[in-house]
Amino acid sequence: MSLSTKPKQEQNNFSITIAPLSIAEIYALADNPANGAVVVMSGMVRNQTDGKSVVALEYQSYQPMAIKVFEQIASEIRCQWPEVNTVIIHHRVGRLKIGEISVLVAIGCPHRSEAFTACRYAIDTLKHTAPIWKKEHWADGSSSWVSIGACEIDTEK
């Protein structure tokens, strides 16, 4: 008697939108009965950068290429962590106020360790490679663009 095994159902969902992002929606998209863990990373607009008061952020993107980058990130995740079932990446564009969510990444996986590691890989890779640009609007009325790939260097490795 042979046992047939059902192929793993991989779920991806990628979006670039002007609409507000919802943690509940992202979690629901990442939910899968095969998951023992769903890790969600939420990037939010903070009120300062390097001690300078920020009043808003503005994001722009080259959407077709950004979605391809998100797809590539999911592919790389599945190569490194084959047990990952779900990769969700949503990014917002337009002008965002302090406290608004700019990016959500969710990883669903049978085990928490891989889910945490894959989620960190996804957000770090996205910040370095996706054609999404951020303009910081300062309290003094000035603004400046943050260059692509300008995310923090990980010194904990």
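**Notebook: sheet, helices and core**

I began with helix 2 (residues 63-80), which lies across strand 1, strand 5 and strand 7 and runs at about 155° to strand 1. I keep in mind throughout that this is a predicted model.

I then looked up helix 3 (residues 112-129), and found that it lies across strand 2, strand 5 and strand 7, running at about 145° to strand 7.

Next I turned to the sheet under these helices' contacts, asking in what order its strands stand. The sheet is open, has 4 strands in the order 1-5-7-2, and shows mixed pairing. Strand 1 (11-17) and strand 2 (37-44) each have a single partner strand and stand at the edges, so one side of each is left without a neighbour in the sheet. From one strand to the next, the twist averages 5°.

I followed one pair in more detail: strand 5 (residues 86-92) and strand 7 (residues 101-109) run antiparallel and are joined by 6 bridges. For T86, I noted G108 in strand 7 as the bridge partner.

Which residues touch the most other members of the largest nonpolar core? Among its 34 residues, I found these to be F70, I77 and I107. At least two residues each come from strand 1, strand 2, strand 4 (52-61), helix 2, strand 5, strand 7, helix 3 and strand 8 (132-138), while helix 2 gives the largest share, 7 residues.

I looked up F70 on its own and, leaving aside residues up to four places away in sequence, listed its contacts as F14, S15, I16, I89, H91, L126, A130 and I132.

Last, I noted another core lying apart from the largest one, with 7 residues that include I26, A30, I101 and A106.

Methods. Residues numbered from 1 in each chain as written. Predicted model: local features only at pLDDT ≥ 70, side-chain atom pairs only at ≥ 80, totals over all residues. Heavy atoms only, no water. Pairing = 2+ DSSP bridges. Axes fitted to C-alpha atoms, helices over the stretch in contact; angles between N-to-C directions. Contact = heavy atoms within 4.5 Å. Core = buried A, V, L, I, M, F, W, Y, C linked by side-chain atoms within 4.5 Å. Buried < 20%, exposed > 50% of the residue type's maximum accessible area, 1.4 Å probe, protein only.
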